[in-house]
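Visitor: Before we begin, I should like to be guided through this model by question and answer.
Guide: Certainly; please have the chain in view.

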Amino acid sequence: LDLGSGLGRAVVGYAAAYAAWSVEEPQHAGAGGFPGASAASGGATAVASGVEIRARVHGVVMEHVVPALPPGLRRSVSFLNDDMFAVPCTAADIVLVNATGLEDGV
């Protein structure tokens, strides 16, 4: 789970690495890091997920990055436009916090 995922580089990288290392599908429903994390293409639970608070950046990911991914990788990622502090992450195996875009007041 990448909190502050920006353009999704870490999410896509982890999903690609997971695919290279694994020969089986994720075994638990929380693999995406937050409850109900569905893959960007719909359906199966995502292997890697990103949460980005900036709607414009999230829109770029959903309109340009996700469609450019190979179908297998597209099914392994999910992205959510939300506040990282509002997203439960107890089901995540790994949590990356990369909040370089936050304002000073946060």
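Visitor: How many of the five residues of β2 are buried?
Guide: The model is a predicted one. Within it, strand β2 is mostly covered. The number of its residues that count as buried is five of five.

Visitor: Which residues of β2 are buried on each side?
Guide: In a regular strand the side chains alternate between the two faces of the sheet. In β2 both faces are covered. One side holds Ala48, Gly50 and Glu52, and the other holds Ser49 and Val51.

Visitor: In what order do the four strands lie in the sheet?
Guide: Strands β1 and β2 pair in the parallel sense over two bridges, and β2 is joined to β3 by five bridges, also parallel. On the other flank, two bridges connect β1 (residues 2-3) with β4 in parallel. The sheet is open, and its order is β3-β2-β1-β4.

Visitor: Which strands are the edge strands?
Guide: An edge strand pairs on one side only. That description fits β3 (77-81) and β4 (96-97).

Visitor: Which residue of β3 is the bridge partner of Val51?
Guide: Val51 belongs to the buried residues of β2. Towards β1, Val51 stands opposite Leu3. In β3, its bridge partner is Leu80.

Visitor: Which residue in β4 stands opposite Asp2?
Guide: Strand β1 covers residues 2-3 and runs parallel to β4. Opposite Asp2, in β4, stands Leu96.

Visitor: At about what angle to β3 does α1 run?
Guide: Helix α1 comprises residues 9-21. This helix lies across β1, β2, β3 and β4. Its direction makes an angle with β3 of about 160°.

Visitor: What does helix α2 touch, and what angle does its direction make with that of β3?
Guide: Helix α2 (residues 55-68) packs on the sheet. Its contacts there are with β2 and β3. With the direction of β3, that of α2 makes about 155°.

Visitor: Is Val12 buried or exposed?
Guide: Val12 is placed in helix α1. Beyond neighbours within four places in sequence, Val12 is in contact with Leu69, Leu73, Val77 and Phe79. Its relative accessibility is 16%, and the cut-off for burial is under 20%, so Val12 counts as buried.

Visitor: How far apart in space are Val12 and Leu73, C-alpha to C-alpha?
Guide: Leu73 is among the residues in contact with Val12. The two are separated by 61 residues in sequence. Their C-alpha atoms are 7.6 Å apart.

Visitor: Which residues form a nonpolar patch on the surface with Tyr14?
Guide: Tyr14 is also found in helix α1. At 30% relative accessibility, Tyr14 counts as partly exposed. The patch has about 380 Å² of accessible area together, and the residues that join Tyr14 in it are Trp21 and Ile94.

Visitor: With which residue does Glu52 form a salt bridge?
Guide: Side chains of opposite charge can pair when their charged atoms come close. Glu52 is buried, at 4% relative accessible area, whereas its partner is partly exposed at 38%. The closest N and O atoms are 2.7 Å apart, and the partner of Glu52 is Arg54.

Visitor: What pattern does the protein chain follow along the sequence?
Guide: The secondary structure comes to three helices and four strands. Of contacts between residues at least 6 apart in sequence, 74% join residues at least 24 apart. Read along the sequence, the pattern is β-α-β-α-α-β-β.

Note on methods: Residues numbered from 1 in each chain as written. Predicted model: local features only at pLDDT ≥ 70, side-chain atom pairs only at ≥ 80, totals over all residues. Heavy atoms only, no water. Patch = residues over 30% accessible without salt bridge, like charges linked within 9 Å, V, L, I, M, F, W, Y side chains within 5 Å. Areas by Shrake-Rupley, 256 points an atom, 1.4 Å probe, with all protein chains shown as cover. Salt bridge = Lys/Arg side-chain N within 4 Å of Asp/Glu carboxyl O. Buried < 20%, exposed > 50% of the residue type's maximum accessible area, 1.4 Å probe, protein only. Contact = heavy atoms within 4.5 Å. Pairing = 2+ DSSP bridges. Axes fitted to C-alpha atoms, helices over the stretch in contact; angles between N-to-C directions.
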